[in-house]
Amino acid sequence: SKFKQKFKQQKLPAWQPILTADTVLPAFFLIGLLFIPLGAALLFFSENVQEFQLDYTNCKSVDSSSNGMKCLDVVKDDIYQVCTCQESFKLDRTFEKNVYLYYGLDNFYQNHRRYVKSRDDRQLLGKTLSTVSSDCSPFDKTGGKIYAPCGAIANSMFNDTLKLYRVDGDQKEEISLIKNGIAWPTDRSIKFKNPPGSLDEAGAFNGTIKPLYWRKPVYELDTNPNNTGYKNEDLIVWMRTSAFPTFRKLYRKIDHRVEGFKTGLPADSYMLEVSYNYPVHSFGGRKRMILSTTSFLGGKNNFLGIAYITVGAICLLLGIIFLIIHIKFGKR
């Protein structure tokens with residue numbers, strides 16, 4: 001065709017802007033005047049998000065048999081060892097509802113190329129399989145049985161159990177946490193489904209075995225049949241890999257239907273109780289508990305606001321410099 005001939009011969013119509021002071025200078029000033037107020041607004045909303053972080057990596061065991069050892073050292077020798085620790089903290093101001101509980105990991109590279117690929121989406125869709133994707137290797141099968149779910153992502157799933165208590169002297173009150181609705185609705189309804197049959201070893205998960213580092217099989221992740229198996233929301237949240245080595249994932253939501261917490265999380269003394277199962281010594285990582293509110297932009301993140309202000313300020317500065325140059329040397 002004539003179009004293909006012109007395309008191959010590079011004879012198609014083209015347009016190239018001619019950059020002059022009359023066009024460039026207004027663009028610089030316009031970008032600066034738009035970006036700086038926008039960045040300030042983003043920074044304002046981010047600063048209004050209330051957040052508290054507690055690093056519990058080195059918390060000490062409360063079990064009498066551990067003699068006050070760090071739980072980090074207890075699970076270092078045996079990843080199946082049970083270790084419980086407690087950390088006290090205080091909130092100086094009331095967190096307005098809604099309050100979310102996150103866990104955070106440092107120095108964990110979920111963005112590694114082989115790690116990101118190490119899963120079988122057909123398996124997570126609930127299809128009955130005799131073999132799984134080779135991407136899951138070496139966490140694909142053992143002894144003739146396939147791992148359910150397979151792959152390095154599922155095998156390394158975060159499995160600490162976090163409980164919050166409100167402390168008043170010697171009395172402590174456990175805070176009710178909601179574990180439903182923490183995963184993306186599209187993930188839960190479209191990407192993750194259980195195989196047909198009863199949710200047990202003889203039914204839907206016949207011929208499968210729990211991942212190597214898990215303490216219980218996938219069909220026992222929750223007693224609620226709507227939140228177990230591949231549809232377990234803790235699993236779904238973990239399977240959405242993070243782009244950065246320092247990240248946080250939603251763990252629970254504070255139940256604001258309970259009396260005393262209807263308006264938020266009051267300023268008071270609290271205690272975090274951790275069933276410490278997840279080892280981080282092998283990759284030099286750290287673990288955090290995070291309490292946070294949100295804005296319409298999401299959680300606390302100052303980067304976007306600072307980035308807009310920085311770009312706007314640079315454009316304004318360049319606009320002023322170029323304007324001075326144009327006035328003094330434009331005729332030359």
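**Asn107 and its loop**

I began with Asn107, which lies in the loop between E4 and helix H4 (113-117). The model is a predicted one, and I read each entry below with that in mind. Asn107 is not a glycine, yet I found a positive phi of about 65 degrees for this residue. I also looked up its exposure: with a relative accessible area of 33%, Asn107 is partly exposed.

**Cis peptide bonds**

Next I went through the peptide bonds. The bond from Lys97 to Asn98 is cis, and its omega is near 10 degrees. I placed Asn98 in the loop between strand E3 (95-96) and strand E4 (100-106).

I noted a cis bond between Ser137 and Pro138 as well, with omega about 5 degrees. Pro138 belongs to the loop that runs between helix H5 (121-124) and strand E5 (141-142).

**The sheet with E1**

I then traced an open sheet of 5 strands, in the order E1-E14-E4-E11-E9, and the pairing is antiparallel. Its edge strands are E1 and strand E9 (177-178), each of which pairs on one side only.

I looked at E1 in more detail. Strand E1 covers residues 51-55; Phe52 and Leu54 make up its covered face, while Glu51, Gln53 and Asp55 are on the uncovered one. E1 and strand E14 (residues 286-292) run antiparallel and are joined by 5 bridges. Which residue of E14 is the bridge partner of Leu54? I found Met289 there. Gln53, from the uncovered face, stands opposite Ile290 in E14.

**The sheet with E5**

I listed another open sheet, this one of 3 strands, with the order E5-E6-E10 and mixed pairing. E5 and strand E10 (208-209) are its edge strands, each pairing on one side only. Strand E6 (residues 145-147) runs antiparallel to E5, and 2 bridges join them. For Thr142, I found the bridge partner in E6 to be Lys145.

**Nonpolar cores**

I turned to the interior. The largest nonpolar core has 60 residues, and those with the most contacts inside it are Phe89, Trp238, Tyr276, Met289 and Leu291. Apart from this core lies another, of 5 residues, among them Cys136, Ile146, Tyr147 and Cys150.

What is Phe89 in contact with, once its neighbours within four places in sequence are left aside? My list includes Phe52 and Leu54, the covered face of E1. From E14, the list has Met289 and Leu291. The other contacts of Phe89 are Leu164, Asp268, Ser269, Tyr270, Met271 and Leu272. I noted for context that nonpolar side chains tend to be buried together in soluble globular proteins.

**A nonpolar patch on the surface**

I also checked for nonpolar side chains on the outside. Ile314, Leu317, Leu318, Ile321, Phe322, Ile325 and Phe329 form a patch on the surface, and together they have about 600 Å² of accessible area. I took Ile325 as a sample: its place is in helix H9 (residues 303-329). Ile325 has a relative accessible area of 41%, so I entered this residue as partly exposed.

**Salt bridges**

The structure holds 16 salt bridges. I looked up the one between the side chains of Asp121 and Arg119, which meet at 3.0 Å, N to O. Asp121 is partly exposed, at a relative accessible area of 45%.

I spent more time on Asp187, which is found in helix H7 (residues 185-191). Is Asp187 buried or exposed? With a relative accessible area of 3%, Asp187 is buried. Leaving aside neighbours within four places in sequence, I found Asp187 in contact with Phe192, Ile236 and Arg240.

Asp187 forms a salt bridge with Lys191 (3.8 Å, N to O). Lys191 and Asp187 are 4 residues apart in helix H7, so about one helical turn separates them. Lys191 counts as partly exposed, at 45% relative accessibility.

Asp187 also forms a salt bridge with Arg240 (3.0 Å, N to O). This pair links distant parts of the chain, 53 residues apart: Asp187 is in helix H7, and Arg240 is in the loop between helix H8 (233-239) and strand E11 (247-254). Arg240 is partly exposed, with a relative accessible area of 31%. I closed the entry by writing down Asp187, Lys191 and Arg240 as a network linked by salt bridges.

Notes:
Residues are numbered from 1 along each chain as its sequence is written. This is a predicted model: local features need pLDDT of at least 70, side-chain atom pairs count only at pLDDT 80 or more; totals for chains, interfaces and linings use all residues. Side-chain values use heavy atoms; hydrogens and water are left out. Buried means under 20% relative accessible area, exposed over 50%, partly exposed in between (1.4 Å probe, protein chains only). Two strands pair if DSSP finds at least two bridges between them. A nonpolar core is a set of buried Ala, Val, Leu, Ile, Met, Phe, Trp, Tyr and Cys residues joined through side-chain atoms within 4.5 Å. Contact means heavy atoms within 4.5 Å. Patches are made of residues with over 30% relative accessible area and no salt bridge: like charges are joined within 9 Å, nonpolar side chains (Val, Leu, Ile, Met, Phe, Trp, Tyr) within 5 Å. Accessible areas come from the Shrake-Rupley method with a 1.4 Å probe; for residues, only the protein chains shown count as cover. A salt bridge is a side-chain nitrogen of Lys or Arg within 4 Å of a carboxyl oxygen of Asp or Glu.
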